[in-house]
Amino acid sequence: MKNSLRVLMMLLVSAALLLSACAGGNSSGGGDDSDDGTKKLTFMFRGGTEEEKAYQKAIDAFEEQNPGVEVEMIVTAADQYATKLKAAITGNQVPDVFYIAPGELRSYAHSNILLDLTEYVENNDKINLDNIWQYGVDSYRFDGDTQGQGAIYAMPKDVGPFSLGYNKTMFEEAGLELPDKDEPMTWDKFIEVNQTLTKDTNGDGEIDQYGTGFNVNWVLQSFVWSNGGSFIDETQTKVTVDTPEFAEALQWFADHQLEYEITPSIEDAQTLDTYQRWMQGQLAFFPVAPWDLATFDTELDFEYDVIPYPAGQTGESATWVGTLGIAVAQSTDYPDLATELVYYLTASEEGQQALVDARIQIPNLKDMAADWAADDSSMPANKEEYLQIVEDYGRALPANNTYNAEWYDYFFTNVQPVLDGDKTAAEYVKEVQPKMQEYLDNAIELENQSK
Ligand code: CA
């Protein structure tokens, strides 16, 4: 019974493939030749208005330089991208060119979705790999076992150093010394400054200016790492959240609200979320990443700069550096053209300059980045911090090199009782580690089966 059902399914699938082939299209969904000989590429990516505008401009320039080529842009909101890409892949509608996250690399490479770009990248006079951030390229290398080495399956669209911003105008108005851009604050000093800046500015008895408004999903990593803790060991096989260093960092995060009251309460954050509070000049500190700059240029009416995150037990600041890659589908009808588009967007001087001028990223090219950082006519003045994060002290997000992120997501899905003060961090990390380990073991097992 089971077998005959499977045979029937296979027949149906084959019929569907035949039909789509007969329809003159192709099963990849992109690269459709039209009657006038135009070559069509689909490019799927994610982002907000500023990114869409910037990419439209870069794509227009690419089309102009490649007569007879049309690039159809498919843009999704950031939080829907992964799901829509998966759906496209499942439905045999893989775009010719598309963003991938480092955490998706292993599964997509094992499933033969991605075109191997190594030959093109390494034997191309136009590309000088020494002039591109190694972290960016290495995030998309995979030798079948280890990520970070071997074949190149995507080029970095960008590298995203997640730095800490502060409201310079607020500091000046309070008569406070500006934070040092080279020496991270201690945790104690950080609390002290934040308590000074948390206040009722209009005398109505309600606090309306706060120190911080951090999201645990994006800032806890910094606190944990700089306190000597980690989420996963170097072999990427053991979950390591159940240590005193980790628990202390998580508790410190929760205590920003529970004990020190330097951040809006959950109820206050529901009235006005912390991003909006930062935008309105009501927060002293908030993360500022390169993709924020265009929006901040037009919407902030105060001055800001970036500094290292405060340092825990290790005395060293820590943060993550994100990245997204641009990959080519193995199924594309135009591998050369698609790869050329990847080059144009990620590694050509012209393409990079257009995206950098749009203020949505730092340059992928190191020489361009040095010039960019030296220019203090735009905010933040301390752009150098971004380059230091990328080159010196930024780390990959914990689930970037595992087969899936379920183990990591589980931690954040269940952390709320700690933030509410209903559970201590020490209790939580002990309780959550075995479950996270189970998810990680499952991911390792799944990957082994997929090889
Ligand atoms: Ca008030």
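Seven nonpolar residues, two charged ones and no polar ones make up the lining of the largest cavity. That is a good place to start with this predicted model, so to speak from the inside out.

**The cavity**

The structure has one cavity of 30 Å³ or more, and the largest cavity comes in at about 30 Å³. Who lines it? Pro 179, Asp 180, Glu 183, Pro 184 and Met 185 contribute from one stretch of numbering, and Ile 307, Pro 308, Tyr 309 and Pro 310 are on the list too.

**The second largest pocket**

Moving on to an open space, the second largest pocket takes up about 730 Å³. Its lining runs to 33 residues, and those lying nearest the centre are Glu 234, Gln 236, Pro 398, Asn 401 and Thr 402. Which elements each supply at least two residues of this lining? They are α6 (134–138), β11 (394–395) and α20 (425–450). Of the contributors, α20 gives the most, with four residues. By class, the pocket lining holds 14 polar, 11 nonpolar and eight charged residues.

Here are the two spaces side by side:

| Space | Volume | Nonpolar | Polar | Charged |
|---|---|---|---|---|
| Largest cavity | about 30 Å³ | seven residues | no residues | two residues |
| Second largest pocket | about 730 Å³ | 11 residues | 14 residues | eight residues |

**A helix pair**

Now for some packing. Two packed helices are described by the angle between their axes and the distance between the axes. For helix α9 (residues 216–226) and helix α18 (residues 406–413), the axes come within 11 Å and cross at roughly 105°. That crossing makes α9 roughly perpendicular to α18, because angles of 65 to 115 degrees count as roughly perpendicular. The residues of this contact split into five nonpolar and two polar, with no charged ones. Which residues of α9 and α18 meet? From α9 come Val 216, Asn 217, Leu 220 and Gln 221, and from α18 come Tyr 408, Phe 411 and Phe 412.

**The whole chain**

Stepping back, the protein chain has 20 helices and 11 strands. Along its principal axes, the C-alpha trace spans about 75 × 55 × 40 Å. How does the radius of gyration compare with that of a compact globule? For 451 residues such a globule would have a value near 22 Å, and the protein chain has 24 Å, so the two agree.

Technical notes:
Residues numbered from 1 in each chain as written. Predicted model: local features only at pLDDT ≥ 70, side-chain atom pairs only at ≥ 80, totals over all residues. Heavy atoms only, no water. Axes fitted to C-alpha atoms, helices over the stretch in contact; angles between N-to-C directions. Parallel < 35°, antiparallel > 145°, perpendicular 65-115°, else oblique. Contact = heavy atoms within 4.5 Å. Nonpolar A, V, L, I, M, F, W, Y, C, P; charged D, E, K, R; others polar. 1 Å grid on protein atoms, 1.4 Å probe; cavity = no way out; pocket = protein on both sides within 12 Å on 5 of 7 lines; lining within 4 Å. Points joined across faces, edges and corners; volume = space filled by probe spheres on them. Rg over C-alpha atoms; globule rule 2.2 N^0.38 Å.
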